[in-house]
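User: Please take me through the terms applied to this structure, and justify each one against its cut-off.

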Amino acid sequence: MKQYILAIESSCDDTSAAVMDTDFMCLSNVTASQQVHQQYGGVVPELASRAHQQNIIPVVDVALQKAGITKKDLAAVAFTRGPGLLGSLLVGVSFAKTFAMALDIPVIDVNHLHAHVLAHFVKDEDNAECPQFPYLCLLVSGGNTQIIKVNDYNDMEIIGKTIDDAAGETIDKAAKILSLPYPGGPHIDRLAKQGKPSLQFARSHIQGYDYSFSGLKTSILYTLRDKLKDDPQYLEHNLNDIACSVQKTVVDSLLDKFDKALRDTGIKTVALAGGVSANSLLRERFNALGQKYGCRVFIPRFSYTTDNAAMVAACGVFKFKHGEFAPLNLTAYAR
Ligand code: KG4
């Protein structure tokens with residue numbers, strides 16, 4: 001008989017619920033995004049947790065309906081425990097524990113970053129392929145930039161990481177300078193398609209597989225400030241080229257280190273993960289890099305790039321199969 005896991009994701013500003021069977025087949029993945037933050041140019045934590053409270057019951061309801069099951073069919077509830085915004089996480093954690101307690105089924109805690117890395121195991125009607133361990137994963141989200149050697153579902157070695165800002169944060173900051181709406185990543189991607197990479201920004205070159213983006217952030221700011229001195233309309237007139245140059249510099253930085261890690265480890269399966277993996281240039285260039293080394297390449301479908309409960313469910317299924325359940329006194333953690 002099939003067993004089903006309900007997964008909840010509420011670490012930032014998306015309330016998401018998914019239903020997955022223990023063969024990793026995703027039966028539903030429902031997300032309510034919060035528009036309320038747009039006018040503030042960033043996520044406002046207090047507003048995010050209130051919106052999660054409003055969204056969580058309807059989102060879970062729709063996820064169960066779409067999966068064609070009832071809550072009585074569930075075998076466990078998985079939830080994102082952290083890292084993320086504490087108030088947001090608490091809504092998901094409290095809901096998951098209460099729901100599971102009422103149904104008398106176990107809960108499974110999931111690390112949000114592990115979930116991003118394991119998103120490649122989500123199967124649906126369009127995709128049944130998944131990577132084999134070990135694989136080398138480039139995780140690029142709003143808050144994290146990491147190269148991870150994924151030895152197993154519970155054995156992930158971070159071999160490179162940012163020592164200051166994340167790649168997504170850098171792109172979002174550039175977008176903010178250009179007065180683009182938050183989050184800026186998708187707008188930079190869209191504008192870059194019409195532009196040329198005509199601007200040079202200073203890149204950090206640090207040892208090993210670690211990244212540093214703070215110098216690039218400063219370089220973007222100073223370069224544009226100098227251009228504006230000569231031409232007050234510079235930003236408006238060169239939006240596409242600026243976006244294209246920022247995007248290219250970030251992608252070059254990301255892939256130079258990943259290329260080195262790939263060469264040194266000799267791993268033959270590569271995967272991209274996190275919100276920035278929606279970027280079209282990164283997807284194209286990551287695929288080309290993998291091909292260059294004869295690797296199997298896994299690039300997430302758009303619905304599994306940003307925060308979603310399907311990836312939490314995939315991590316939950318691994319833990320379910322190994323009987324790794326959480327005690328009910330477990331709480332959320334922000335970092
Ligand atoms: O993984 P995610 O939801 O954030 C964290 O959990 O930290 O990713 C959000 C990030 C934001 O920085 C957003 O601008 C970026 O992903 N992003 C993109 C694109 N779509 C989303 N960056 C570049 N190009 C895109 N198409």
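The exchange below sets computed values beside their definitions.

Analyst: This is a predicted model, in which local features need pLDDT of at least 70 and side-chain atom pairs count only at pLDDT 80 or more, while totals for chains, interfaces and linings use all residues. Residues are numbered from 1 along each chain as its sequence is written, and side-chain values use heavy atoms, with hydrogens and water left out.

User: How many helices and strands are there in the protein, and what makes a segment count as one?

Analyst: The protein has 10 helices and 10 strands. Helices are DSSP runs of H or I with at least four residues, strands are runs of E with at least two, and both are numbered from the N terminus.

User: How do you know whether the radius of gyration agrees with that of a compact globule?

Analyst: The rule for a globule is 2.2 Å times the number of residues to the power 0.38, and the radius is taken over C-alpha atoms. For 335 residues a value near 20 Å would be found in a compact globule, and the protein has 20 Å, so the two agree. The C-alpha trace spans about 65 × 45 × 35 Å along the principal axes.

User: Why is Cys295 called buried or exposed, and what is the class of Cys12?

Analyst: Buried means under 20% relative accessible area, exposed means over 50%, and partly exposed lies in between (1.4 Å probe, protein chains only). Cys295 has 8% and therefore counts as buried, whereas Cys12, at 23%, is partly exposed. Of the 335 residues of the protein, 53% count as buried.

User: How many disulfides does the structure hold, and why is Cys12 not bonded to Cys315?

Analyst: The structure holds zero disulfides. A disulfide is a pair of cysteine sulfur atoms within 2.5 Å. The closest cysteine sulfur to that of Cys12 is in Cys315, 19 Å away, which is too far for a bond. For Cys295 the closest is in Cys137, and the distance of 13 Å is likewise too far.

User: What makes Phe24 and Asp104 notable in phi?

Analyst: Most residues other than glycine have a negative phi. Phe24, not a glycine, has a positive phi of about 70 degrees; Asp104, also not a glycine, has one of about 60 degrees. Phe24 lies in the loop between strand 2 and strand 3 and, at 10% relative accessibility, counts as buried. Asp104 is in the loop between helix 2 and strand 5 (107-111), and its relative accessible area of 71% makes it exposed.

User: Which residues are in contact with Asp23, leaving aside its neighbours within four places in sequence?

Analyst: Contact means heavy atoms within 4.5 Å. With those neighbours left aside, Asp23 is in contact with Lys2 and Lys123. Asp23 is placed in the loop between strand 2 (14-21) and strand 3 (26-33), and its relative accessible area of 42% makes it partly exposed.

User: Where do the buried residues of helix 5 pack?

Analyst: They pack against helix 4 (167-177), helix 8 (239-265) and helix 9 (280-292). Among the buried residues of helix 5 (residues 185-192) are His187, Ile188 and Leu191.

User: What is the peptide bond from Gly82 to Pro83, cis or trans?

Analyst: That bond is cis, with omega near -5 degrees, and Pro83 lies in the loop between strand 4 (74-82) and helix 2 (86-103). A cis peptide bond also joins Phe133 and Pro134, with omega about -5 degrees. Most peptide bonds are trans.
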